[in-house]
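This report describes the fold, the surface and the packing of a single chain. The sequence and the coordinates come next.

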Amino acid sequence: MATRRDGFPHLPLHVLLVLVTLFTIYPVLWVVTIAFSGRQNLAIATLPADPTWVDRLRAVTPWPETWSLSNFTSVMTDQPFARWMLNSTLIAVGTTVVGVFLACTAAYAFSRFKFPGQRAGMMAFLVSQMFPGTLMLIPLFIILVQWLGLGSSRLGLIIVYATTSIPFSVWMLKGYFDTIPKDLEEAALIEGASVGKIFWSIILPLAKPAVAVTALFSFMTAWNEFILAATFMDQEVMYTAPVGLRFFVGGFSQQWGYFAAGSIIVSVPVVFLFLFLQKYLVSGLTAGSVKG
C-alpha cells in the first residue's frame, strides 16, 4: 500500500489550491458585484486624480461600494425579462419532456430488441455528435420556418432542441438499460405482463439515475442555447432569456448591471435542478458509460 512521504510540504500545495480557486471564482465574483452595485457600468469604485496602490487595488476588488437590488427589480419590472424567462421555462420543460420520452423509448428498443439497421442507427447517433449544431442551421430554418411555418414559436424550438439532444441521450440511456438484468423482464413476461407494462413499471423505475442525467442534459440544452433561438425567434415577445440578455449589452446600450443581474437570475433554475438531481447524477453517469 502506497503511503505519503513524511515531511511533504503541504503549505505550498494549499497555497496553490487557494490561488487556483480564487482565479476560478474571480469572474463570477465580478458578475455578482456588478449585479448588486446598482450601476450600469463596469467600474465599481471611483478613482481619484492621483490614485494610490490602495485605490487601484480597490478598483479591481470585486466588492461594490454599496449593495443594491435595483438591477434585479428593474430587470424584472422595467424590462420584458420576466416574459423571456417564461419562454425559456416553457421551451426547456417541453424539450425535457419530449426529449426524455423519445430517448427512453428509443434507447430501450436499441437495448432489448434486434431489428435491421440497429447497429447503423446507433452509429448514426454517434456520428451526428461529431458535427456542431450550427451546421444544421440552414436546413432547420428551411424546414421549420418555410415549410412548417413555425418561426418565432415555442413549438419550433422544442422540436429543434429535442432533436439535437436525442443522440447523446439515447447513447447514455442504452448503456444504462444494458446493465439491467433481462431476467426481470423474462419473469414479468411469464406472469403475463406486456412489454409496455414492463417498460413503465420495471425498467424506468430502475433507470432513474440515467433518466435524471438525461433530463438535466435536455433541460440545460434548451435553457442555455443562444444561436438557434436567436435565429428562429425574430419577435421580441418570443425571445428566450439568453437571447434577451444580448440586448442589454450591444452597440447602442451598455447596461452591464441588467446583464449581470439577468445572468444570475438565469443561472438559478439550473443550480436548483442540479442540486435536486445530484443524488442521481454520479450513478447515472458512471453506469451509463459502460456496458455491464
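Contact here means that heavy atoms lie within 4.5 Å of each other. The model is predicted. With that cut-off, and leaving aside neighbours within four places in sequence, Y161 is in contact with I91, T95, A222, E225, L228 and A229.

**Core packing**

Y161 also appears in the largest nonpolar core, which has 39 residues; Y161 and F81 are the residues with the most contacts inside this core. Helix α13, residues 256-276, gives the most to this core, with seven residues. A second core is separate and has 22 residues, including V170, F177, I198 and I203.

**Overall fold**

The secondary structure of the chain consists of 14 helices, with zero strands. Read from the N terminus, the order of elements is therefore α throughout, that is α-α-α-α-α-α-α-α-α-α-α-α-α-α. The chain is more spread out than a compact globule, because its radius of gyration is 25 Å, well over the 19 Å that the globule rule gives for 292 residues. Among contacts in the chain with a separation of 6 or more, 78% are between residues 24 or more positions apart.

The table collects values for the whole chain.

| Property of the chain | Value |
|---|---|
| Box filled by the C-alpha atoms, along the principal axes | roughly 85 × 70 × 30 Å |
| Buried residues | 37% of the 292 residues |
| Exposed area | about 17,200 Å² |
| Share of the exposed area from carbon and sulfur atoms | 71% |
| Distance between the mean positions of the 17 positive and 13 negative charges | 6 Å |

**A loop residue with positive phi**

Which residue other than glycine has a phi near 55°? The residue is S152, and this phi value is positive. S152 is placed in the loop between α6 (137-147) and α7 (154-177). Is S152 buried or exposed? Its relative accessible area is 10%, and buried means under 20%, so S152 counts as buried. Apart from neighbours within four places in sequence, the contacts of S152 are with F232, M233, D234, Q235 and M238.

**Summary**

The predicted model has 14 helices and zero strands, with a radius of gyration of 25 Å. The largest nonpolar core has 39 residues, and a second, separate core has 22. S152 is a buried residue in the loop between α6 and α7.

Key:
Residues are numbered from 1 along each chain as its sequence is written. This is a predicted model: local features need pLDDT of at least 70, side-chain atom pairs count only at pLDDT 80 or more; totals for chains, interfaces and linings use all residues. Side-chain values use heavy atoms; hydrogens and water are left out. Helices (H or I, at least four residues) and strands (E, at least two) are DSSP runs, numbered from the N terminus. The radius of gyration is taken over C-alpha atoms; the globule rule is 2.2 Å times the number of residues to the power 0.38. Buried means under 20% relative accessible area, exposed over 50%, partly exposed in between (1.4 Å probe, protein chains only). Accessible areas come from the Shrake-Rupley method with a 1.4 Å probe; for residues, only the protein chains shown count as cover. Lys and Arg count as positive and Asp and Glu as negative; His and the chain ends are not counted. The place of a charge is taken as NZ of Lys, CZ of Arg, CG of Asp or CD of Glu. A nonpolar core is a set of buried Ala, Val, Leu, Ile, Met, Phe, Trp, Tyr and Cys residues joined through side-chain atoms within 4.5 Å.
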